[in-house]
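Visitor: I'm new to this one, so please show me around. I'd like to go strand by strand and then look at the pockets.

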Amino acid sequence: MPETITSAANAAVKTLRSLATKKGRKEAGLLLAEGERLMREAAELGRWPQLAAVSEAALGRPSVRDFVRAAENAGTRVLILSPRLLEQITRRDNAQSVIGAYRPRLAELTELTGDLLVALHEVRDPGNLGTILRTCDAVGASGVVLTGECCDPFSVEAVRASMGSIFAIPLVQTQFQALDAWRKRAGCSVIGTSLRAAQRHDEPDVSGRVILLMGNEQSGLPPDIEAACDHLVRIPMRGRADSLNLAVSTSVMLYDVWRRRGFAKPNHA
Ligand code: SAM
């Protein structure tokens with residue numbers, strides 16, 4: 001049975017509040033996800049929160065009651081909180097009325113399968129990272145590799161922007177050298193993206209296993225990493241903007257590879 005909690009000083013409420021910071025997430029070993037739909041989709045992937053909180057009003061909805069019952073059966077502790085406490089936890093006005101704290105998961109390079117992967121070198125903006133996870137999910141890409149010093153993929157902003165795709169897309173955190181060594185063994189070609197590239201983005205052969213490598217929002221890819229790519233490509237631009245947003249350029253790249261593969265069903269084999 002869900003427990004009603006009214007005090008912000010309650011230990012479980014304090015844990016949920018701590019998930020807004022990287023330190024809090026690290027100490028608790030949890031990330032915060034918001035919204036009934038997103039949490040249902042996570043459950044479809046077999047992911048249940050350790051701790052969940054709902055408002056009294058949300059519990060009036062049959063779909064939420066069913067979800068809470070299933071979550072409790074899966075071992076989730078469920079709290080009933082006031083909208084005010086939910087707002088304090090999510091640091092948002094009009095907070096979602098269902099939230100959950102999940103164990104984050106990282107994958108190893110050797111677990112990555114499929115013929116389309118994205119690597120992000122030193123991505124700093126959690127909104128970009130979450131948006132890229134969502135696009136990867138949409139096109140059936142089979143993983144995202146974070147190299148170098150990246151923002152926290154489990155921050156509230158990244159999870160929010162991913163719209164649940166954080167639970168669907170295998171995520172690896174490593175250094176570029178480790179990715180480069182693995183991809184040679186795994187037979188992946190690396191298509192790096194750069195404003196300094198001479199080749200157009202739709203020119204390289206994408207029939208085999210491909211890793212699309214994207215650079216940092218401010219500085220792009222460092223020269224040694226550009227040099228390690230099999231191809232370096234540039235998305236044409238003709239207006240005054242000197243570059244595209246990272247998440248937008250990743251979408252252009254992903255959709256172009258998929259288009260050139262005839263919008264075929266993803267190969268996760
Ligand atoms: N000042 C940076 C530079 O000189 O590389 C710009 C970085 S850009 C905002 C961030 C990343 O988005 C780039 O590293 C690249 O991966 C991708 N990107 C943005 N516009 C692009 C374009 N027109 N062609 C290829 N990649 C692009």
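Visitor: Let's start with a pair of strands. In β5, which residue is the bridge partner of Val-54?
Guide: One thing up front: this is a predicted model. Strand β3, residues 51-55, pairs with β5 in the antiparallel sense, over 4 bridges. In that pairing, the β5 partner of Val-54 is Val-98.

Visitor: And which residue in β5 does Leu-32 stand opposite?
Guide: For this one, look at strand β2, residues 31-34, which is joined to β5 by 4 bridges and runs antiparallel to it. Across from Leu-32, in β5, you'll find Ala-101.

Visitor: How many residues of strand β5 are buried?
Guide: In a regular strand, side chains take turns between the two faces of the sheet. In β5, Val-98, Gly-100 and Tyr-102 point one way while Ile-99 and Ala-101 point the other, and all of them are buried. That's why β5 (residues 98-102) is largely enclosed by the rest of the structure: the buried count is 5 of the 5.

Visitor: Now the sheet with 7 strands. In what order do they come?
Guide: Strands of a sheet pair through backbone hydrogen bonds, either parallel or antiparallel. Here the sheet is open and the pairing is parallel. Reading across it, the order is β8-β7-β6-β11-β9-β12-β10.

Visitor: Which strands are at the edge?
Guide: An edge strand gives itself away by pairing on one side only. In this sheet that fits two strands, β8 and β10 (199-200).

Visitor: Let's stay with β8. Which of its residues is the bridge partner of Leu-146?
Guide: Strand β7, residues 144-147, pairs with β8 in the parallel sense, with 4 bridges between them. Follow them to the β8 partner of Leu-146 and you land on Gln-173.

Visitor: What about β11? Which of its residues is the bridge partner of Val-118, and which one goes with Gly-192?
Guide: β11 is joined to strand β6 (residues 116-121) by 5 bridges, running parallel. It is also joined to strand β9 (residues 188-193) by 5 bridges, again parallel. For Val-118 the partner is Leu-212, and for Gly-192 the partner is Leu-213.

Visitor: Is Val-210 buried or exposed?
Guide: Val-210 sits in strand β11. That strand, residues 209-214, is largely enclosed by the rest of the structure because 5 of its 6 residues are buried. The cut-off for buried is under 20% relative accessible area. Val-210 has 1% relative accessibility, so it counts as buried.

Visitor: How many disulfides does the model have?
Guide: A disulfide is a covalent bond between the sulfur atoms of two cysteines. To be counted, the two sulfurs must be within 2.5 Å. Cys-150 has its closest cysteine sulfur in Cys-151, but at 6.4 Å that is too far for a bond. By this rule, the count of disulfides is 0.

Visitor: And Cys-229: how far away is the nearest cysteine sulfur?
Guide: Cys-229 is buried, with a relative accessible area of 11%. It takes part in no disulfide. The nearest cysteine sulfur belongs to Cys-188, and the distance is 13 Å.

Visitor: On to the pockets. How many residues line the largest pocket?
Guide: This pocket holds about 400 Å³ of space. Nearest its centre are Leu-195, Asn-216, Ser-243, Leu-244 and Ser-249, and β12 (231-234) and α11 (246-260) each supply at least two residues of the lining. The lining divides into 8 nonpolar, 11 polar and 3 charged residues. Its total is 22.

Visitor: Which element gives the largest share of the lining of the second largest pocket?
Guide: The second largest pocket has about 310 Å³ of space, and Lys-22, Asp-152, Pro-153, Phe-154 and Gln-173 are the lining residues nearest its centre. Two elements give two or more residues to the lining, α2 (22-28) and β8 (171-174). The largest share, 3 residues, comes from α2.

Visitor: Last one: which domains does the second largest pocket lie between?
Guide: Its lining is a mix of 8 nonpolar, 5 polar and 6 charged residues. Two domains both give residues to that lining, so the pocket lies between domain 1 (3-102) and domain 2 (109-260).

Terms used: Residues are numbered from 1 along each chain as its sequence is written. This is a predicted model: local features need pLDDT of at least 70, side-chain atom pairs count only at pLDDT 80 or more; totals for chains, interfaces and linings use all residues. Side-chain values use heavy atoms; hydrogens and water are left out. On a 1 Å grid over the protein atoms alone, a cavity is a set of points where a 1.4 Å probe fits but cannot get out, and a pocket is an open set with protein on both sides within 12 Å along at least five of seven lines; lining residues have an atom within 4 Å of a point. Grid points are joined across faces, edges and corners, and a volume is the space filled by probe spheres set on the points. Ala, Val, Leu, Ile, Met, Phe, Trp, Tyr, Cys and Pro count as nonpolar, Asp, Glu, Lys and Arg as charged, and the others, Gly among them, as polar. Domain bounds come from an automatic or database domain assignment. Buried means under 20% relative accessible area, exposed over 50%, partly exposed in between (1.4 Å probe, protein chains only). Two strands pair if DSSP finds at least two bridges between them.
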